[in-house]
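Me: I have a model on screen and a list of terms to test. Take me through them, and tell me each time what the term rests on.

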2 protein chains.
Amino acid sequence: MQQSVSSFRRKAVCSNCRLRELCLPVGLSAGEMQRVDDISHLKRGYARGDYLYRSNDKFQSLYAIRKGSFKTQVLHEDGREQVTGFQMTGEIIGLDAICTDHHTCDAVAMESSEVCELPFNKLEALSRELPSLQRHLHKIMSREIVRDQGIMLLLGSMRAEERLAAFLLNLSQRLAARGLSPTQFQLRMSRQEIGSYLGLKLETVSRAFSNFQDNGLINVRARAVELLDLPALHALVGKQQ
Amino acid sequence: MQQSVSSFRRKAVCSNCRLRELCLPVGLSAGEMQRVDDISHLKRGYARGDYLYRSNDKFQSLYAIRKGSFKTQVLHEDGREQVTGFQMTGEIIGLDAICTDHHTCDAVAMESSEVCELPFNKLEALSRELPSLQRHLHKIMSREIVRDQGIMLLLGSMRAEERLAAFLLNLSQRLAARGLSPTQFQLRMSRQEIGSYLGLKLETVSRAFSNFQDNGLINVRARAVELLDLPALHALVGKQQ
DNA sequence: TGACCGGTTTGATATATGTCAAAATTCATG
DNA sequence: CATGAATTTTGACATATATCAAACCGGTCA
């Protein structure tokens with residue numbers, strides 16, 4: 001688990017951040033979007049295992065993931081680490097920290113990644129001037145709440161295979177949102193990380209994958225996954241999500 | 001499960017809402033607080049089983065719970081209902097709905113209750129003028145995210161007794177925040193509801209209560225609970241939370 | 001007071017998942 | 001292409017929780 005912080009670049013006008021397409025795709029005029037770009041910085045060069053931030057770091061910014069993906073995790077006092085989320089290209093990370101001014105989890109790159117840093121003070125100030133930005137910020141935060149509550153439902157009421165089906169469909173949907181193939185993709189995380197996220201042991205995850213394979217629901221070889229029978233997967237999950 | 005909607009009262013100046021003490025205790029001057037009171041309505045007369053809102057209702061407002069307590073729950077397609085949270089006096093409810101404009105769960109009174117309605121559009125508009133209100137709103141939303149992630153950790157990595165210990169300590173802490181006895185209280189919810197929330201069956205919850213009793217960690221008779229050995233309870237949970 | 005009725009506790013057993021261990025596969029590296 | 005490390009799969013067994021069933025409260029209402 002490396003700790004290097006990667007290269008850092010700042011531009012007064014950071015059109016590279018492409019926030020428009022990525023994370024804030026609503027209701028802003030070109031001029032307004034320009035003002036969001038103006039307060040953001042591009043940060044690149046995160047390699048697998050690099051930290052974007054750590055638990056207890058002072059909260060400064062939200063980050064829009066421009067390339068790559070991250071996981072968030074907490075370290076329990078006994079050394080175990082538990083994954084609390086996977087964040088992919090185009091999503092926002094860092095929302096955990098606003099209420100305490102300090103981060104409550106670690107954010108670790110799962111592959112070569114780039115982010116767009118959004119200093120929260122400036123974002124708040126700007127959102128006082130731009131109601132549609134304000135509303136969008138609220139939606140992003142609320143979406144995170146809904147997402148977390150969805151996982152609570154998953155953990156609270158579903159068995160191993162149902163959890164894995166929900167996980168795969170969720171990934172699929174997020175890939176589709178980025179215009180990528182929703183039925184054929186490479187997992188960026190290990191069985192162990194999936195298990196940690198789903199509240200299962202890695203062996204249980206592996207067995208569930210094998211069962212799906214045996215029943216023709218998916219094709220899986222190591223981290224390459226192909227979803228074959230979406231209706232069956234949805235049926236496992238029930239209708240929620 | 002009743003459906004009556006209860007009485008409703010509106011006041012141009014709703015000083016009864018006492019938002020200052022309840023849910024927004026930070027950084028606002030008396031004049032600023034008055035402006036928050038001005039946009040809020042008192043709604044009273046919710047009886048046990050009454051709905052504050054229902055899943056798919058259009059999102060209009062957040063609610064500060066002035067008296068009593070509510071649970072939030074989702075109905076699965078097969079009829080099972082799962083509790084997603086318990087909200088007590090002084091807390092805010094309704095945050096789930098901002099991102100979709102529609103509520104994602106039911107909110108049901110667990111006892112005789114009153115709320116203060118905060119129309120979200122007006123709250124947003126006011127928070128554009130009052131930075132400290134804006135910041136506080138963000139903190140409330142972020143706190144909900146952190147709270148939900150705490151439950152994810154709980155559901156993902158803890159066994160039945162650890163979950164129950166975490167639940168009891170969480171209740172205790174929230175009671176303390178309201179100046180009530182943190183070691184002796186009446187549960188407002190059934191074993192079934194606790195189990196639904198913690199991802200356990202009611203029998204498992206009951207057995208865990210009995211074990212705690214047998215080991216001198218708590219006294220429990222039906223819904224009356226007394227926490228006897230806080231250190232032992234904390235030890236069960238680990239240090240998180 | 002007595003008889004209910006929902007909620008709770010307790011018991012016996014089934015089942016899903018965890019645990020431990022080994023084999024098989026994939027991946028990185030020279 | 002060969003080697004070894006890491007990850008994944010599979011197997012046998014242990015254990016926590018679910019399930020089903022019955023008994024036991026603790027209130028409410030005649």
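Me: How many residue pairs are in polar contact across the interface of chain B and chain A?

Reply: The rule finds 27 residue pairs, both residues at pLDDT 80 or more. A polar contact is a pair of N or O atoms within 3.5 Å; within protein, one must be able to donate a hydrogen and the other to accept it, and residues adjacent in sequence count only if both atoms are side-chain atoms. This is a predicted model, where local features need pLDDT of at least 70 and side-chain atom pairs count only at pLDDT 80 or more, while totals for chains, interfaces and linings use all residues. Residues are numbered from 1 along each chain as its sequence is written, chains are lettered from A and ligands numbered from 1 in the order in which they are written, and side-chain values use heavy atoms, without hydrogens and water.

Me: Which elements give two or more residues to the side of chain B that touches chain A?

Reply: They are β5 (81-88), α3 (120-129) and α4 (131-157) of chain B. Helices (H or I, at least four residues) and strands (E, at least two) are DSSP runs, numbered from the N terminus. The largest share, 20 residues, comes from α4(B).

Me: Why do the side chains of A:Glu124 and B:Arg135 meet in a salt bridge?

Reply: A salt bridge needs a side-chain nitrogen of Lys or Arg within 4 Å of a carboxyl oxygen of Asp or Glu. Here N to O is 2.7 Å, so the pair meets the rule. The count between chain B and chain A is four salt bridges.

Me: What area is buried between chain B and chain A?

Reply: About 4,100 Å², with 57% given by carbon and sulfur atoms. Buried area is the accessible area (1.4 Å probe) that two parts lose on being put together, summed over both. In contact (heavy atoms within 4.5 Å) are 42 residues of chain B and 42 residues of chain A.

Me: Which residues are closest to DNA strand D?

Reply: They are A:Arg191, A:Ser210, B:Ala160, B:Lys201 and B:Thr204, among 17 that surround the strand. Near means that a heavy atom of the residue lies within 4 Å. Sugar and phosphate give 67% of the DNA strand D atoms that come within 4 Å of the protein.

Me: What makes A:Ser206 a polar contact of DNA strand D?

Reply: An N or O atom in its side chain is 2.8 Å from a phosphate oxygen of DNA strand D. That falls within the limit, so the pair counts. B:Arg207 reaches a base oxygen of DNA strand D, at 2.9 Å from a polar side-chain atom. Two or more residues each come from α7 (202-214) of chain A and α7 (202-214) of chain B.

Me: Where does the largest share of the surface near DNA strand C come from?

Reply: From α7(B), with five residues. One contact there is B:Ser210, whose side-chain N or O atom is 2.4 Å from a phosphate oxygen of DNA strand C. B:Arg191 has a polar side-chain atom 2.7 Å from a phosphate oxygen of the strand.

Me: How do you know that β3 and β6 of chain A pair, and what joins them?

Reply: Two strands pair if DSSP finds at least two bridges between them. Two bridges join β3 (residues 61-67) to β6(A), so the rule is met. A:Tyr63 has A:Ile93 as its bridge partner in β6(A). The open sheet has the order β1-β8-β3-β6 (chain A), with antiparallel pairing. Its edge strands, β1 (41-46) and β6 (92-93), each pair on one side only.
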